[in-house]
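Hi,

Here is the structure I promised to pass along. Have a look at it first, and then read my notes below.

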Amino acid sequence: MTPQIPPVLVGLFDDAAVFPPGSLPIEQAVPAHVAHRRGAHAELVGAFVLAAKDIGRLAELTADLPEGTFDLSVTVGLSGVSDALVAARRIPAVRLVGLEVAVPDGVAADTVVPALAAAIDDDPDRTVYVEVPRDDRREALLAALAGTPYLAKFRTGGVRAELYPDERELAAAVLAATRAGVAFKATAGLHRALRTTDPETGFEQHGFLNLLVATDAALKGAEEAELVALLADRDGDRVVGRVRAMSPQVRGVFRSFGTCSVTEPATESAGLGLLPATTVADLTEVSA
């Protein structure tokens, strides 16, 4: 591990470059990901995230890579899990490290874990995330995930304003997960290090550092009102101070988040003093 990169940031940025709003063509996204994983900032970068329908396109794009060196996390519907496993195993370079499973409308919370258990073989190197619906199934599903190998996934934004949970909704989700003992990842909308208002869309966007400090507070017994305040905090010095003081154990709960740009969150982290300038230079070279 590169000593200059704080443990709380190691592997935090899953590379979801092919998803909106970045929507980088896969032919560009794959070599860019390989370059990120070979750069001085490699310890920041998690898996490459791809929809199940596009797995087959990786065969040619990763043909020159050594076997099992391309870490992949696949987004897939509950009914498509088995097929995704088969497709990923056909590609020598791919190491399937994650499944991110969407739960369709109308599927009862108590049926999800049995369905996953029937479709997925045990593999200690693969993490299975279940995207928790933003409806009245949330608490029941988190309760069902508790004590299982499966983790949660929270959607924190998207391409429309209604896809962004406000700070109260996100705080309640984090609190429910930590109290249930269920670790999670986040996806979509975390484009900035700190809570901000997007100048182009007007969307209120959560900061990934805010989510880190809120998770840390939840682990220390904070109530929902405190988490709401931490998620809404736009004071960089205050948020960074909390990040510097927190234990890396927080990452046992908040595992990672998908970002359509590895460069942007890393550059913002450097601007806030959490990463060295050499990391920014390396990122600029990879992105050029």
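**Starting from Lys 185**

Lys 185 sits in strand β7, which covers residues 184-187. Before going on, I should say that this is a predicted model, so please read everything here in that light.

Is Lys 185 buried or exposed? Lys 185 is buried, because its relative accessible area is 1% and the cut-off for buried is under 20%. For a charged end in such a place you will want to know what the side chain of Lys 185 meets: it makes a polar contact with the side chain of Glu 100, at 2.8 Å. Once neighbours within four places in sequence are set aside, the residues in contact with Lys 185 are Asp 14, Val 49, Glu 100, Tyr 129, Ala 152, Lys 153, Phe 154, Ser 256 and Gly 258.**The barrel**

Now for the overall arrangement. Eight strands close into a barrel, with parallel pairing, in the order β1-β2-β3-β4-β5-β6-β7-β10. From one strand to the next, the twist averages 30°. On the outside of that list of strands, so to speak, there is a helix to mention: α3 (residues 81-89) packs on the sheet and touches β3 (70-77) and β4 (94-102), and its direction makes about 165° with that of β4.

A few of the pairings are worth having in detail:

- β5 (residues 127-131) and β6 (residues 151-155) pair in the parallel sense over three bridges, and the bridge partner of Val 130 in β6 is Ala 152.
- β7 and β10 run parallel and are joined by three bridges, with Thr 187 standing opposite Gly 258 of β10.
- β1 (residues 13-15) and β10 also run parallel, joined by three bridges, and here Asp 15 stands opposite Thr 259 of β10.

**Strand β10 and Phe 257**

How many of the six residues of strand β10 are buried? Five of them are, so this strand (residues 254-259) is largely enclosed by the rest of the structure. Phe 257 lies in β10 and counts as buried, because its relative accessibility is 0% and the threshold is under 20%. Not counting residues up to four places away in sequence, Phe 257 touches Leu 12, Phe 13, Asp 14, Ala 186, Leu 190, Phe 208 and Pro 265. Asp 14 also turns up among the contacts of Lys 185. If you want a distance to check your own script against, Phe 257 and Val 30 are 227 residues apart in sequence and 18 Å apart in space, C-alpha to C-alpha.

One of the contacts of Phe 257, Pro 265, belongs to the buried set of helix α10 (residues 263-271), which consists of Thr 263, Pro 265, Ala 266, Ser 269 and Ala 270. Just after α10 comes Gly 273, with a positive phi of about 85°.

**A helix pair**

Next, two helices that meet. The axes of α7 (residues 208-219) and α9 (residues 236-245) come within 10 Å and cross at roughly 50°. That angle makes α7 oblique to α9. On the α7 side the contact is made by Leu 209, Asn 210 and Val 213, and on the α9 side by Val 239, Val 240, Arg 242 and Val 243. As for handedness, the crossing of α7 and α9 is left-handed.

**Backbone details to look at**

Finally, some spots in the loops that you may like to inspect yourself.

Where is Pro 21 found? Pro 21 is in the loop between β1 and α1 (26-38), and the peptide bond leading from Pro 20 to Pro 21 is cis, with omega near 5°. Ser 23 is found in that loop between β1 and α1 too. Its phi is near 50°, a positive value in a residue other than glycine. Ser 23 is partly exposed, because its relative accessible area is 40% and that class runs between 20% and 50%.

Ala 188 is the other non-glycine case I have for you, with a positive phi near 70°. Ala 188 is found in the loop between β7 and β8 (196-197). Is Ala 188 buried or exposed? With a relative accessible area of 17%, Ala 188 is buried.

That's what I have for now. Shout if anything is unclear.

Cheers

Note on methods. Residues numbered from 1 in each chain as written. Predicted model: local features only at pLDDT ≥ 70, side-chain atom pairs only at ≥ 80, totals over all residues. Heavy atoms only, no water. Helix = DSSP H or I, 4+ residues; strand = E, 2+ residues; numbered from the N terminus. Buried < 20%, exposed > 50% of the residue type's maximum accessible area, 1.4 Å probe, protein only. Polar contact = N/O pair within 3.5 Å; in protein donor to acceptor, adjacent residues only side chain to side chain. Contact = heavy atoms within 4.5 Å. Pairing = 2+ DSSP bridges. Axes fitted to C-alpha atoms, helices over the stretch in contact; angles between N-to-C directions. Parallel < 35°, antiparallel > 145°, perpendicular 65-115°, else oblique. Left-handed = near helix turned anticlockwise from the far one by under 90°.
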